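Hi,

Here's the structure I said I'd pass on. Have a look at it first, then read my notes below.

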Amino acid sequence: MIKDIISNEEVKEFLKNELKIGKNSGTYLFYGSDMSLLMEFAIYFSQGLCCEAISGDFCGQCDTCKKIQKLVYSDLEILDNPDGIKVDEIRELAYKSSASSYEGGKKIFILKNISKMKKEASNALLKLIEEPNPGNYFILLNGNLNILPTIKSRSILVKIKNRSAKELGVDEFTYSFFRGNSEDILGFKSMDIKLEEGYPYGEIARAIRGYEESGELKFKINIYKAIRDFVNNRNYLKTYEKIYFAEEIVRATSDRNIYREIVSYLVNFMGDLNGLEERLTMKGMLRFPINTRAFFINLFLDI
Ligand SMILES: [Zn+2]
C-alpha cells in the first residue's frame, strides 16, 4: 500500500490524489538522481493504476500487483536503452499503445532515461503523448529535468528525492560508498561484505569481468573499492602504474555503461577536484568516450 512506501511523503500524497481523480490517460515525468528509486515508484504507481483489489491504492497481493512487481504484466511495457531509446522502439510502442489491451484494462509504458533520446525519437514520443489513447499511461523516468521542453510541458512532473541514510537504515559511510543508491544499499544489507576492507586497484579487471558476466553487486562493490584504492594511492603511484590501471579497465570490458559508471564513481569519490566533472563533460567525454584507452590514461594521469 502507498502508506508503506519508505520516503517521499509528498510524492505519496500526490500519487494517492492522482489515483483518486481517476484520469483516463496521462503522462508523468518522475525525475531524481536514483534511477532504481524512480523505477520503484513507477512500479508502485502502475500497481495503483491496475490493482484488482483496491481502487486508489495497491494491495501488492493480487495477481495483477504481483505480475507488475515481477515485470511480467502484459499491459506493462518498459523501454530502457542505455544509449537512448531509438525511434523504431517508439514506433513499436505507438503500435502497441493503439492496440487493445491484453488484460482488458489500462496500459502502462515506462520509459527510462528520456534525456538520452535523439531528436527523432523524442518527436515520435511527443506525438504519442500529445494525444494519448484512452487507458494509456506514460511514466517517463530521468535523472534530471534536462529534457525536450515540449515533452516536459506535456508531462506531470514528479520529483523523487533520494532516500536518506536513516530511511535506508545504514550509516553515512555505507550511504556515501553507494552514493545513496537505494537498490544497491538494500542489496548490500543482505550480504556479508565489509566495505572498509580493501580491494587492490590492480585487480580491477577481475571485478569488471565478474560484474559484466553476472551483474552481481559483490563485483560492483569490488570495482568501487578498486577505484577507492587507486585514488587513495595515486600520489605514490608511478606513471606506468597509472597507465596500467587505465589499460586494465579497457582490456576488461568494452561496455560503455561500465566506463561511465567508473568515471562517475571516481568523480563522486574525489569530490569535484579542480572541476574534473565539468572538464570531462565539456569534452563530451562522459557521454561519448571515443578513444577510451587514451581517455582513461589521460584521466588517471590527471588526477
Ligand atoms: Zn493488487
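A quick definition before we start: a residue counts as buried when its relative accessible area is under 20%. Also keep in mind that this is a predicted model.

Let's begin with helix α13, residues 256–270. Its buried residues are Ile-258, Tyr-259, Arg-260, Ile-262, Val-263, Tyr-265, Leu-266, Val-267 and Met-270. The length of α13 works out nicely: with 15 residues at 1.5 Å a residue, the helix should span 21 Å, and that agrees with its end C-alpha atoms, which are 21 Å apart.

Both ends of the helix have something to look at. At the start of α13, Asp-255 has a side-chain oxygen within 2.8 Å of the backbone nitrogen of Asn-257. Just after α13 comes Gly-271, with a positive phi of about 75 degrees.

Next, zoom out to the whole chain. The domain assignment gives domain 1 as 2–159 and domain 2 as 191–302. Taken over C-alpha atoms, the centres of domain 1 and domain 2 are 33 Å apart.

Finally, try finding the second largest pocket, which has a volume of about 150 Å³. It is lined by 15 residues, and Leu-19, Gly-48, Leu-49, Gly-56 and Lys-106 are the closest to its centre. Two elements, α1 (9–21) and α2 (35–50), give two or more residues to this lining. α2 gives the most, with four residues. Sorted by class, the lining of this pocket has eight nonpolar, four polar and three charged residues.

Have fun exploring!

How values were computed: Residues numbered from 1 in each chain as written. Predicted model: local features only at pLDDT ≥ 70, side-chain atom pairs only at ≥ 80, totals over all residues. Heavy atoms only, no water. Domains from an automatic or database assignment. Expected span 1.5 Å × (residues − 1). Buried < 20%, exposed > 50% of the residue type's maximum accessible area, 1.4 Å probe, protein only. Polar contact = N/O pair within 3.5 Å; in protein donor to acceptor, adjacent residues only side chain to side chain. 1 Å grid on protein atoms, 1.4 Å probe; cavity = no way out; pocket = protein on both sides within 12 Å on 5 of 7 lines; lining within 4 Å. Points joined across faces, edges and corners; volume = space filled by probe spheres on them. Nonpolar A, V, L, I, M, F, W, Y, C, P; charged D, E, K, R; others polar.
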